[in-house]
Amino acid sequence: MAEKIYPDSGVELTTTLAKHYDRVLNIGSLGLYAGFIRKAIREMRINPEDHILDLGCGTGRNARLMTRFLNERGKVTGLDISDHMGKHFLRTFQNDRRAEFIRTRIDQRFDLGISVDKVFISFVIHGFPHDVRDIIIQNAYRHLKPGGTFHILDYAEFNLDTIPVHHRLIFKTFECKYAFDFVSRDWKKILRGHGFEEFTEWFHFRGYVRLLSARKSRE
Ligand SMILES: C[S@@+](CC[C@H](N)C(=O)[O-])C[C@H]1O[C@@H](n2cnc3c(N)ncnc32)[C@H](O)[C@@H]1O
């Protein structure tokens with residue numbers, strides 16, 4: 001990756017980390033990640049013909065799990081800033097026309113000229129300043145069909161000062177300063193302010209991680 005735009009962000013990965021990203025997650029989660037992500041993607045209630053936009057898609061590991069629910073008319077469009085992730089994504093989907101990769105920044109306004117059924121963002125949005133998160137949410141909203149759903153898989157809301165000290169230590173060791181701000185915000189209120197409604201949430205990892213799904217109004 002070229003120079004970081006947000007020096008304090010932990011989601012603009014170095015090339016080395018990007019190269020070994022899936023392995024690092026498997027090891028760092030003591031082998032729990034694979035089962036967790038399969039479950040979270042099942043919770044998205046993907047329909048066979050859905051078109052899903054995956055913001056900050058990484059290696060395509062999540063997109064691969066999504067395509068298990070899709071038929072030949074369903075599709076996943078993965079967006080990422082990293083060339084390395086792009087290469088990995090395309091390798092993951094060799095000979096599978098249900099996925100495409102577009103190298104683009106998601107933290108600036110973009111318009112792909114498509115309307116999708118679902119937008120998914122996993123462990124990306126916490127890593128930006130809050131005004132940039134607003135742009136990402138607007139990008140998601142713009143690309144959703146009326147009634148389409150936005151799925152944020154990321155940290156849940158919690159008070160860092162009141163969680164057990166060893167959990168706080170782990171979070172502070174591994175997370176960037178934007179993540180501290182992310183967990184302190186009311187995400188349903190924020191999404192409501194952007195025109196989303198009908199929230200559903202599923203919790204993982206002792207309640208520290210959440211899949212939050214929100215619907216764009218049907219009008
Ligand atoms: C922590 S990883 C998560 C990857 C994937 N979503 C997952 O759950 O496995 C963050 C991803 O966001 C991408 N990313 C960071 N900043 C970005 C930006 N401004 N625009 C698009 N992608 C970005 C990184 O290249 C990386 O693939």
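**Helix 6 and its sheet**

Analyst: In this predicted model, Arg 133, Ile 136, Ile 137, Asn 139, Ala 140 and His 143 are the buried residues of helix 6. Residues are numbered from 1 along each chain as its sequence is written. Local features need pLDDT of at least 70, side-chain atom pairs count only at pLDDT 80 or more, and totals for chains, interfaces and linings use all residues.

User: What makes a residue of helix 6 buried?

Analyst: Buried means 20 or more other C-beta atoms within 10 Å of its own; exposed means 12 or fewer, and partly exposed lies in between, with C-beta atoms placed from the backbone.

User: Why are the buried residues said to lie on the same side of helix 6?

Analyst: Take the directions from the helix axis to the C-beta atoms. They cover an arc of only 155 degrees, which puts these residues on the same side of helix 6.

User: What do the buried residues of helix 6 pack against?

Analyst: Strand 1 (51-55), strand 4 (116-122), strand 5 (144-155) and helix 9 (187-193). Contact needs C-beta atoms, placed from the backbone, within 7 Å. Helices (H or I, at least four residues) and strands (E, at least two) are DSSP runs, numbered from the N terminus.

User: How do you know that strand 4 and strand 5 pair?

Analyst: Pairing needs at least two bridges found by DSSP. Strand 4 and strand 5 have 6, in the parallel sense, so they pair. Phe 120 has His 151 in strand 5 as its bridge partner.

User: What makes strand 3 (99-103) and strand 6 (196-204) edge strands?

Analyst: Each pairs on one side only. The open sheet of 7 strands has the order 3-2-1-4-5-7-6.

Terms used: Contact = placed C-beta atoms within 7 Å.
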